[in-house]
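Trainee: Could you take me closely through one part of this model and show how it is set into the rest of the protein? I would prefer one connected account to a list of features.

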Amino acid sequence: MDRHATAVWSGTLKEGAGKLDAQSGALQGLGYSFKGRFEDESGKSGTNPEELLAAAHAGCFAMQLSHFLAENGTPAEKLDAKAVVTLVPGTGITGSALTLTGTVPGIDAAKFRELAGKAKAECPVSRALGAINVSLDARLA
């Protein structure tokens, strides 16, 4: 299975701008820029690769965990996953911190943390991020 996205960049690094498109149509002409990536801490001036990576990681992790919870006989009512990807200018992406709050009837906290840890280790995006630190803080609602 292959998926694709396209980036078109015009201009210099600092003054230029780009547009992203995704196969699904979820991203169409989505703007990104140096300012949005390195200067605007509010995140309101456009997306950036780290934000998109964080969305992919949180989504992949939540899907993987939902599978493990169902296999355990304790399907989740809700999994609220967040990933914070850290970029250190001059160094690169150094980590992705997952936080999770789950509503899962019939499971105890220890088993929930165990399965969340397994999902963190086994989701395809976590595996692809093997060169960086991936952390997890998981708790039941």
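**From a buried threonine into the helical core**

Mentor: At a relative accessibility of 4%, T47 counts as buried, since the limit for that class is under 20%. The model is a predicted one, and what follows is to be read as a description of that prediction. T47 is placed in the loop between α1 (34–39) and α2. Its side chain makes a polar contact with the side chain of E51, at 2.4 Å. Leaving out residues up to four places away in sequence, T47 touches L20, L30, G31, Y32, S33 and L52.

A general view of the protein helps before going further. There are four helices and six strands, and from the N terminus the order of elements is β-β-β-α-α-β-β-α-α-β. The C-alpha trace spans about 55 × 30 × 25 Å along its principal axes. Of the 141 residues, 30% count as buried. Among contacts between residues at least 6 apart in sequence, 51% join residues at least 24 apart.

From the loop that holds T47, the chain leads to α2. At the start of this helix, a side-chain oxygen of N48 comes to within 3.1 Å of the backbone nitrogen of E50. Helix α2 has 23 residues and reaches 33 Å from its first C-alpha to its last, close to the 33 Å expected at 1.5 Å a residue. Just after the helix, G73 adopts a positive phi of about 85 degrees.

The buried residues of α2 are E50, A54, H57, A58, C60, F61, A62, Q64, L65, F68 and L69. They pack against α1, β4, β5, α3, α4 (124–128) and β6. H57, which lies in α2, is buried with a relative accessible area of 0%. Apart from neighbours within four places in sequence, H57 contacts A83, S96, L98, C123, V125, S126, L129 and V134.

C123, one of the contacts of H57, also matters for the question of disulfides. The structure holds zero disulfides. C60 is in no disulfide, and its nearest cysteine sulfur, that of C123, is 3.4 Å away. Seen from C123, the closest cysteine sulfur is that of C60, and 3.4 Å is too far for a bond, because a disulfide requires two cysteine sulfur atoms within 2.5 Å. C60 counts as buried at 15% relative accessibility, and C123 counts as buried at 0%.

The buried side of α2 leads on to the largest nonpolar core, which has 24 residues. Within this core, F61, L65, L69, L79, L100 and F112 touch the most other members. The elements that contribute two or more residues are α2, β4, β5, α3 and β6. Helix α2 gives the most, with seven residues. L100 illustrates how these parts meet: beyond its neighbours within four places in sequence, it is in contact with F61, L65, L79, D80, A81, F112, A116, D137, A138 and R139.

Two of the contacts of L100, F112 and A116, are also buried residues of α3. Helix α3 covers residues 109–122, which makes 14 residues, and reaches 20 Å from its first C-alpha to its last, close to the 20 Å expected at 1.5 Å a residue. Its buried residues are F112, L115, A116 and A119. Viewed down the axis of α3, these buried residues fall within an arc of 105 degrees, so they line one face of the helix. The general background is that an α-helix has 3.6 residues a turn, so residues three or four places apart point the same way. The buried residues of α3 pack against α2 (49–71), β4 (78–88), β5 (92–103) and β6 (133–140).

Two further details complete the picture of α3. D108 caps the N-terminal end of the helix, with a side-chain oxygen 3.1 Å from the backbone nitrogen of A110. K111 also lies in α3, but it is partly exposed, with a relative accessible area of 27%. K111 and N72 are 39 residues apart in sequence and 9.4 Å apart in space, C-alpha to C-alpha.

In summary, the path taken here leads from T47 in the loop between α1 and α2, along the buried residues of α2, which pack against α3 among other elements, to the core in which F61, L100 and F112 are among the residues that touch the most other members.

Conventions. Residues are numbered from 1 along each chain as its sequence is written. This is a predicted model: local features need pLDDT of at least 70, side-chain atom pairs count only at pLDDT 80 or more; totals for chains, interfaces and linings use all residues. Side-chain values use heavy atoms; hydrogens and water are left out. The expected span of a helix is 1.5 Å times one less than its number of residues. Buried means under 20% relative accessible area, exposed over 50%, partly exposed in between (1.4 Å probe, protein chains only). The arc is that of the directions from the helix axis to the C-beta atoms. Contact means heavy atoms within 4.5 Å. A polar contact is a pair of N or O atoms within 3.5 Å; within protein, one must be able to donate a hydrogen and the other to accept it, and residues adjacent in sequence count only if both atoms are side-chain atoms. A nonpolar core is a set of buried Ala, Val, Leu, Ile, Met, Phe, Trp, Tyr and Cys residues joined through side-chain atoms within 4.5 Å.
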